[in-house]
Number of protein chains: 4
Amino acid sequence: MRIAVVGASGFTGAEMLRLIAGHPQLELSGLFGASSAGDPLAQHYPGLDRKNRHQLQATSAEAVAQVADWAVLGLPHGSSARLAAELLELGVGVVDLSASFRLPAALYTEHYGDHPCPELMGSAVYGLPELHRQKLPGARLIAGPGCFPTGVTLACAPFLQAGLIAEGLLIADCKTGVTGAGAKLASGSQFCRVADTIMPYKVEGHRHTPEIAHNLSALAKSPLKVRFTPHLLPIRRGILSTCYLPLAAGVGAKDLRLALHEFCDDEPFLHALPSGLQPNLARVAGTNEVEIQVVCDEQTGLAVITSAIDNLCKGSSGGALQALNIALGFDEGAGLSGLSATLP
Amino acid sequence: MRIAVVGASGFTGAEMLRLIAGHPQLELSGLFGASSAGDPLAQHYPGLDRKNRHQLQATSAEAVAQVADWAVLGLPHGSSARLAAELLELGVGVVDLSASFRLPAALYTEHYGDHPCPELMGSAVYGLPELHRQKLPGARLIAGPGCFPTGVTLACAPFLQAGLIAEGLLIADCKTGVTGAGAKLASGSQFCRVADTIMPYKVEGHRHTPEIAHNLSALAKSPLKVRFTPHLLPIRRGILSTCYLPLAAGVGAKDLRLALHEFCDDEPFLHALPSGLQPNLARVAGTNEVEIQVVCDEQTGLAVITSAIDNLCKGSSGGALQALNIALGFDEGAGLSGLSATLP
Amino acid sequence: MRIAVVGASGFTGAEMLRLIAGHPQLELSGLFGASSAGDPLAQHYPGLDRKNRHQLQATSAEAVAQVADWAVLGLPHGSSARLAAELLELGVGVVDLSASFRLPAALYTEHYGDHPCPELMGSAVYGLPELHRQKLPGARLIAGPGCFPTGVTLACAPFLQAGLIAEGLLIADCKTGVTGAGAKLASGSQFCRVADTIMPYKVEGHRHTPEIAHNLSALAKSPLKVRFTPHLLPIRRGILSTCYLPLAAGVGAKDLRLALHEFCDDEPFLHALPSGLQPNLARVAGTNEVEIQVVCDEQTGLAVITSAIDNLCKGSSGGALQALNIALGFDEGAGLSGLSATLP
Amino acid sequence: MRIAVVGASGFTGAEMLRLIAGHPQLELSGLFGASSAGDPLAQHYPGLDRKNRHQLQATSAEAVAQVADWAVLGLPHGSSARLAAELLELGVGVVDLSASFRLPAALYTEHYGDHPCPELMGSAVYGLPELHRQKLPGARLIAGPGCFPTGVTLACAPFLQAGLIAEGLLIADCKTGVTGAGAKLASGSQFCRVADTIMPYKVEGHRHTPEIAHNLSALAKSPLKVRFTPHLLPIRRGILSTCYLPLAAGVGAKDLRLALHEFCDDEPFLHALPSGLQPNLARVAGTNEVEIQVVCDEQTGLAVITSAIDNLCKGSSGGALQALNIALGFDEGAGLSGLSATLP
């Protein structure tokens, strides 16, 4: 299967290149960029192309269609949607890593503005296999979930699905590594702004909030309100989500643990941690794994759920590749078996 | 005023030494340790004694009383209380940095076990000037507040005091630097355990929870439940507290901002940040300052309050020194005027 | 091929487990420890055994020989040598990651004391394929090179071998990540000792100096003196070596670059970087790659050579696995093809 | 004494503001910027102006002269020299933190190009009190030394001055924190470029080399060649210099130690560390202190000298303030007495 990466100089594009290099059935057949067109890949990521064999080409649907059966788009949501439409027209399958196809049309318009090709929105499959595995085989347009929504949705789904949560409010206090801000030169990503602190940001409102609410309300008995607060960590990769959910009457620690295992134990990338062990970003760095823990706080009637993912891998390119594997009928974990080299 | 530091090889003791060195009216007249007795201070903290003039002595109430008018105790809560009793008996004023005198007797016993000198508990003044300034002048036994309780209490007090918060539940999601774990050799403080992640810990329950609840319930119209989750950051100093409180009916952003300014603007160390600027641990590192911000989340009916302190300074030795300054009739900010050298 | 790891709770042992998990021809058939015997592997490294299938057994030559054809020893040099002798006797091939078999007998005794089985020293092959590839096929006892010697030897070898270096002195100023200090609880590995600085250590003398001198003197026209200064970095993995070598008369930048390419270009893991690009530890983290750069300083008559390796991978378990692959007739890069997940 | 800071939005300007705030005899009477003119200081450094009292004005010699007796210039070397000339003309004393007045005219031209006011170069005093204290009283133009030259010169001076060093070559392998790169938005200062590695840079040649050579050749019996290699550390502040100097015949460890103490012991900011203790950047962060250690490597005939400074403080604004104190007849350490808050 020939695959092209568009936006190959960005962080999610680069992560996809890393994963494709270890995938037994995917052949990288083209790299595309905009301002980086013409550059050798090694100029941007020397470690991803040690033999200096790859060059970025200028992006056009025709150029991509000429070389690839599928394309991964690591682009801003506007241009991503337009290109996706053209590629599908030309018979190229699309994995879109932007927000273009993650939300229902009305919700998208409310938070991101007009959509360039609303007619396509219904045909996209939301690429979170743990909730939508059955819709993926044969999909031609896969919407890669947002990084925070991946971490929070997978943390909370086990308990909502099992009916253990009362009506009300989810508070998701999330902490992300700096790669989440992308490769663009930005004042907020300067070392001296990031080091020695943890920075709350977009506390007034973050666009991932409706995506989280949409995912989880579908599992809850009634619409769930979501308070989501992201913080920037002085580390490279990873999202730790600390989630607070109100327990339904009579629910105890045992119920929570059972629900967690029920949800996780047959999933290839979900890990219900043993009691007493908390999720660890170093342990999932560079992997597609998700670590989840739950604590029952009886005094306050809350489930305190924590999850750890790698924002670039399971939270973006890895999760999308897992979905693509299913869409193509490959082994779900193909190209995603590496262990974290961050630990020890 | 002659002052001695007991437990001078620990982190809070060392921080007190740093602050005393810059205090115009305090004279360091003795350093005491247990396992470190006999050591030069420079062996533990070369930067705190470049001329190698100080040596730690073995701790006894008599030895302390011989050299000092006041003593700062940086000890575990058990031994701290016993020594405090003896020192007061000998006429030495005591600043206790442990948990020994922070809680009402019943609450203490519930969470820490039997108290060695319960008769003293009522005479201690809780050293949080922003709430108890009027009780401090003339105090002989000052209980230094816990680090997390300092950060969370000062974040939430403005809004509880102003009556803007509904009955219910405080969720305090706190992130602390590694100095919070103390100077003791511990597996959880090894670099390779701490780096590249943020580690939730004591999620099942942390002893600072009742101290927070006690502080804030006194300000609320009714007892406040508290869910407190600490996380360990891969940085040295600082506590960022992200607090979620339910708004009383009809309360809006303007009310919150007014209450914040009312509470902070006359306080020497509290800073109500301008809208859009979030608290920053680097900016308060090494200082006694407290940065606070509030955001009104109308969708969920929550006040999202964030505060930043230095856990060793305002969260421990600095806050205690501020209280001591008041007790002794000194300028409240004496020895506490340094600006953060972490920024830029 | 059945392989056992002895010392599986240490950092080099754990790294070998990570690599074996991705190796197509090696089957992990046993894990052994001393104080950790009886523990599940997941207790020490949850990320290395998510299904909780492995348990550490008490170490004995017999127990190892029962389950394995080859054993990797991640042990202190004393006990390592004794076990190696017993294992070889029982027909088990040995990859030794300690210093036991790296040096000629006389040099070993001078720096490490008496050797428990000196008769074996001559039969060990020094596992640095780039210099000793032809001796590895069929080897039964492989001595994994030291981490610093790997980085410095590979940096300097190209220029010594090409005869471009004058008699004299190598200065190797090396910077290592904290995993180099091992998994043992140690005051020098505490976060608050390591963070926010770079710490020179063992400046008076480090045992890797004779290994470096021995490696390089064999390539030089005459014995090379070596000044080696290690520094501890506040990062997890990697060794950056900055090496200063005196140029032979008439040698210029072009000669250096030619020699570098000649040495590296046919090697699977060596990378002569293009001019202007310096080696980067993040780029080699978790990989077996070696990045090398050279600058000709005509003003001072020095070659300034820099190299980057991952101390746990190419500098220990990865380099040893590369050597084992050759010894066993496998593809040299088997199990070593992963790209760094640290970048971006 | 009224003092103005020009270039107050840069890192060295900001550091000078921090130090002036704690200086008993200096009154900050003006802040000037270029692109930042009109901004409140608190917009750039909220922690330096918590009461929001300062605003940056547009820079002109007249505007500065109107409010200040002395000006500190934290500007690029070109514009700095021009402004210095105008200010001196208007009777304003100048502390210049750029390279404009650090070098003899010929050397300056060789490395920085034409000088805008060469006639002034001779009248500047190089602000390194440890070598030029006697020239400072009454000075009107002080050239603040470069950060690397400060660290390396103070490390090597004791031994060159004592005649313990053979003719030949200094190798200075230096490691600096990221604040050394300045406040400007730059790709090389992005967190994901700096973290998890140590980056050699300008290995082909760095402009601080001639300044180091000039300083030290004046102390040596004959011109000293200098090989200087800077590396970028993933920390905020500090320069660790590891220096290698050839010993003169017959020189031993005792001679080196004697010379070190002779040079340091009467200096207010120099600290000859006891044997076995290496310099530590955390211990000098935010201070004007210099820690120096020396090891005698008899095998190679080298003195291995290490020094630690804070690049922004002693290496720039602090060292310059020390010089200014002398020039003005103040106590040399005025405003420079703070201890490091980085430790513990």
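A cavity is a set of grid points where a 1.4 Å probe fits but cannot get out, and its lining residues have an atom within 4 Å of a point. The exercises below concern a predicted model.

**Exercise 1.** Find how many cavities of 30 Å³ or more the rule counts, and describe the lining of the largest cavity.

*Solution.* Begin with the count, which comes to 6 cavities of 30 Å³ or more. Then turn to the largest cavity, whose volume is about 390 Å³. Its lining is made up of 24 residues, and those nearest its centre are A:P234, B:P234, C:P234, D:F191 and D:P234. Finally, sort the lining by class: 16 residues are nonpolar and 8 are charged, while no polar residue takes part.

**Exercise 2.** Describe the interface of chain C and chain D, starting from its contacts and ending with the classes of the residues on the side of chain C.

*Solution.* First, count the residues in contact, which are 38 from chain C and 38 from chain D. Next, take the area buried between chain C and chain D, about 3,100 Å², to which carbon and sulfur atoms contribute 67%. For the charged pairs, the rule finds 4 salt bridges across this interface. A pair that forms a salt bridge is C:R227 with D:D297, and since the cut-off is 4 Å, the distance of 2.9 Å between their closest N and O atoms satisfies the rule. The interface also holds 16 residue pairs in polar contact, both residues being at pLDDT 80 or more. Now ask which elements of chain C are involved: at least two residues each come from β8 (169-176), β10 (225-232), β11 (239-246), α11 (281-284), β13 (290-297) and β14 (302-309). Of the side of chain C that touches chain D, β10(C) provides the largest share, with 5 residues. By class, that side divides into 20 nonpolar, 11 polar and 7 charged residues.

**Exercise 3.** Work out which residues and elements of chain A supply the contact with chain C.

*Solution.* Start again from the contact, which takes 28 residues from each of chain A and chain C. Together these chains bury about 2,400 Å², with 61% of it on carbon and sulfur atoms. Within the area that chain A buries against chain C, A:R50, A:L339 and A:P344 supply 32%, more than any other three residues. A:R50 also meets C:E289 in a salt bridge, at 3.9 Å from N to O. As for the elements, α1 (11-21) and α11 (281-284) of chain A give two or more residues to this side, and α1(A) gives the most, with 4 residues.

Definitions and conventions
Residues are numbered from 1 along each chain as its sequence is written. Chains are lettered from A and ligands numbered from 1 in the order in which they are written. This is a predicted model: local features need pLDDT of at least 70, side-chain atom pairs count only at pLDDT 80 or more; totals for chains, interfaces and linings use all residues. Side-chain values use heavy atoms; hydrogens and water are left out. Contact means heavy atoms within 4.5 Å. Buried area is the accessible area (1.4 Å probe) that two parts lose on being put together, summed over both. A salt bridge is a side-chain nitrogen of Lys or Arg within 4 Å of a carboxyl oxygen of Asp or Glu. A polar contact is a pair of N or O atoms within 3.5 Å; within protein, one must be able to donate a hydrogen and the other to accept it, and residues adjacent in sequence count only if both atoms are side-chain atoms. Ala, Val, Leu, Ile, Met, Phe, Trp, Tyr, Cys and Pro count as nonpolar, Asp, Glu, Lys and Arg as charged, and the others, Gly among them, as polar. On a 1 Å grid over the protein atoms alone, a cavity is a set of points where a 1.4 Å probe fits but cannot get out, and a pocket is an open set with protein on both sides within 12 Å along at least five of seven lines; lining residues have an atom within 4 Å of a point. Grid points are joined across faces, edges and corners, and a volume is the space filled by probe spheres set on the points.
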